[in-house]
Amino acid sequence: MRSNGFGFVAPLLVLMIVAFNVPIIYMLGLGFWDKSRGFSLAPYEALADAPVYLRVLGNTLRISLIATLANVAIGYPLAHWMRGLGNRARMIAIALVILPFWVSILVRTYAWIVVLGNAGIVNRSLQWLGLTEEPVPFLYNELGVTIGMANVLLPFLVLPLFAAMIRIDDRLLQAAASLGAPARTIFWKVYFPLTLPALAAGTLLVFILCLGFYITPAILGGGRVPMISNLLDTLINQIPRWDQAAAISTILLVVTLLIFAAYRRLDRRASGT
Amino acid sequence: MIGSSPWTRRALAAAGIFGLVFLTVPLLIVIPMSFSSARALTFPPPSLSLRWYETFFGDPRWMEAMWTSIVIAAISSVAALLLGGLAAYGLRRGTFGGRDWAEGNFMAPLVVPTIIAAIALYLGLAKIGLLGSFTGLLLAHTILHVPVVMMVLGVAVRDFDLRIEQVAWSLGASWSYTARRVLLPNLWPSVFAAWIFAFIGSFDEVIVTSFIAGRYETVPKRMFNELILEVNPTITAVATLLIAFTILALAAVALILRRAGKSTLVEGVTAG
């Protein structure tokens, strides 16, 4: 290349600025602007005064936390198990993790309606086993939303975690074993600390994605489990309170970017670059 | 783990298999349900039929939504591929200042929660009168899928030896000649993968589309609206078609990357 290469980047840069950066800045501005008074913090003051917003925020944080913890509880053993598989079985397991990753979130969320519904396979099995007389209400409550979110986000945790685990040199573990360490000690003193940066990074990533989740709570919550995104939808499309929507979006964006910065630091350490 | 007891190993295998079942079973259940003859979502289906596929293909609104989805995905994925591909090349090979900053900006749609991008685009497009327009939809779908193109092609350009290009230039080839005769013949498996990923991404996009599409209906938008109102078994047929489409597209990518001896799909996914 004879030039400095900026010409290759310029078209996309212009498009990004016009169609992405400017709208975001405009939206951020709306939260600080009042038609009659100019600069104003009124939308933020309104947020602090309305208990409904705080309740939705609390809901979102709680559901996100539980879904993230469920992800770790299911994802860590899964990735660890995949590491120990033979080549062929491992390829199949990887394919089974990647396929859902690319299937539409709508489809994956919808599938849970079929599985968890009153006549769904889970409830029918529970009834057949005599564990319950009445169908267990899994759908249209927090439980259903949490299950759906944990399911949709699991590949985001498993794939990077698995990638970090297969980079761990088996000889390190053999060295620990040859020095007489029992399996439990090898796991907790050698293996687990080596996976910790990737685990922490994956956990933060999943948590960020949870905070902004929209589709799964809308469908599996049936309108009874509002999260921040669904509140934003209401403020834009139904009530029209654009200033308050802008204020909430700003807060969500700042929180997301802060957690993302922490994620980047951990991810760099996890991938050793 | 070395030296772990058989019980620990069995427990780990059980936990791992549970994880895989948790990930895949919902998808596997949807497929037989789509061939059910019943209106109620009972599993296993009482008897088999194609009625939900007939409903889907016989409904002009679904067909129009499918056509809209295909057109948007086709145009925006090619635009994302062209702009993102050029930019990925410029970022890897260029020497201008602020490259990290530019790359961060291009990857931003991946980090910014989609709902926020949707609201920003809604407000921005409303301001300039493009809300509910086809142009607005194409713009949004293009920038949203630039990151996946950048991820795949950024790695591909980085791994391609710069000296091969330099040889072509030193022999008097122009940049566009080099691109056509040297770069593309070597990088096309990655280019194809990037295009497929952008296409799937656009075809499945629902949040931004729901906010800014106005009267336009895409398959995911229609599906989402129907799901909020009631559970309609036609969705099961749509879901099965989408699963089949994803499997075929990923299989094509995997096959082409393997033939080219390129990095596997896993590395592609985790490279970001």
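Across the interface of chain A and chain B in this predicted model, five residue pairs are found in polar contact, both partners of each pair standing at pLDDT 80 or more. Salt bridges, by contrast, number zero between chain A and chain B. On the chain A side, the largest share of the residues touching chain B comes from helix α1 of chain A, residues 6-30, which supplies 16 residues. Sorted by character, the residues of chain A that touch chain B comprise 65 nonpolar, 12 polar and six charged.

The size of an interface is often expressed as the accessible area that is lost when the parts come together. For chain A and chain B, the area buried between them is about 7,900 Å², and 84% of that area lies on carbon and sulfur atoms. In terms of residues, 83 from chain A are in contact with 90 from chain B.

Turning from the interface to chain B itself, the secondary structure amounts to 13 helices and zero strands, so that a reader who follows chain B from the N terminus meets the elements in the order α-α-α-α-α-α-α-α-α-α-α-α-α. The C-alpha trace of chain B extends over about 70 × 65 × 30 Å along its principal axes. Of the 272 residues in chain B, 53% are buried, while the accessible surface of chain B comes to about 12,000 Å², with 66% of it belonging to carbon and sulfur atoms. As for how the chain meets itself, when the contacts in chain B between residues at least 6 apart in sequence are considered, 70% of them join residues at least 24 apart.

Two residues of chain A deserve a look for their backbone angles. The first to consider is Y140(A), whose phi is near 60 degrees, a positive value in a residue other than glycine. Y140(A) sits in the loop that lies between α6 (121-128) and α7 (142-166) of chain A, and because its relative accessible area is 29%, between the limits of 20% and 50%, Y140(A) counts as partly exposed.

The other residue is P240(A), which also is not a glycine and yet has a positive phi, of about 35 degrees. P240(A) is placed in the loop between α11 (228-238) and α12 (242-270) of chain A. With a relative accessibility of 47%, P240(A) is under the 50% that an exposed residue must pass, and it is therefore classed as partly exposed.

How values were computed
Residues are numbered from 1 along each chain as its sequence is written. Chains are lettered from A and ligands numbered from 1 in the order in which they are written. This is a predicted model: local features need pLDDT of at least 70, side-chain atom pairs count only at pLDDT 80 or more; totals for chains, interfaces and linings use all residues. Side-chain values use heavy atoms; hydrogens and water are left out. Contact means heavy atoms within 4.5 Å. Buried area is the accessible area (1.4 Å probe) that two parts lose on being put together, summed over both. A salt bridge is a side-chain nitrogen of Lys or Arg within 4 Å of a carboxyl oxygen of Asp or Glu. A polar contact is a pair of N or O atoms within 3.5 Å; within protein, one must be able to donate a hydrogen and the other to accept it, and residues adjacent in sequence count only if both atoms are side-chain atoms. Helices (H or I, at least four residues) and strands (E, at least two) are DSSP runs, numbered from the N terminus. Ala, Val, Leu, Ile, Met, Phe, Trp, Tyr, Cys and Pro count as nonpolar, Asp, Glu, Lys and Arg as charged, and the others, Gly among them, as polar. Buried means under 20% relative accessible area, exposed over 50%, partly exposed in between (1.4 Å probe, protein chains only). Accessible areas come from the Shrake-Rupley method with a 1.4 Å probe; for residues, only the protein chains shown count as cover.
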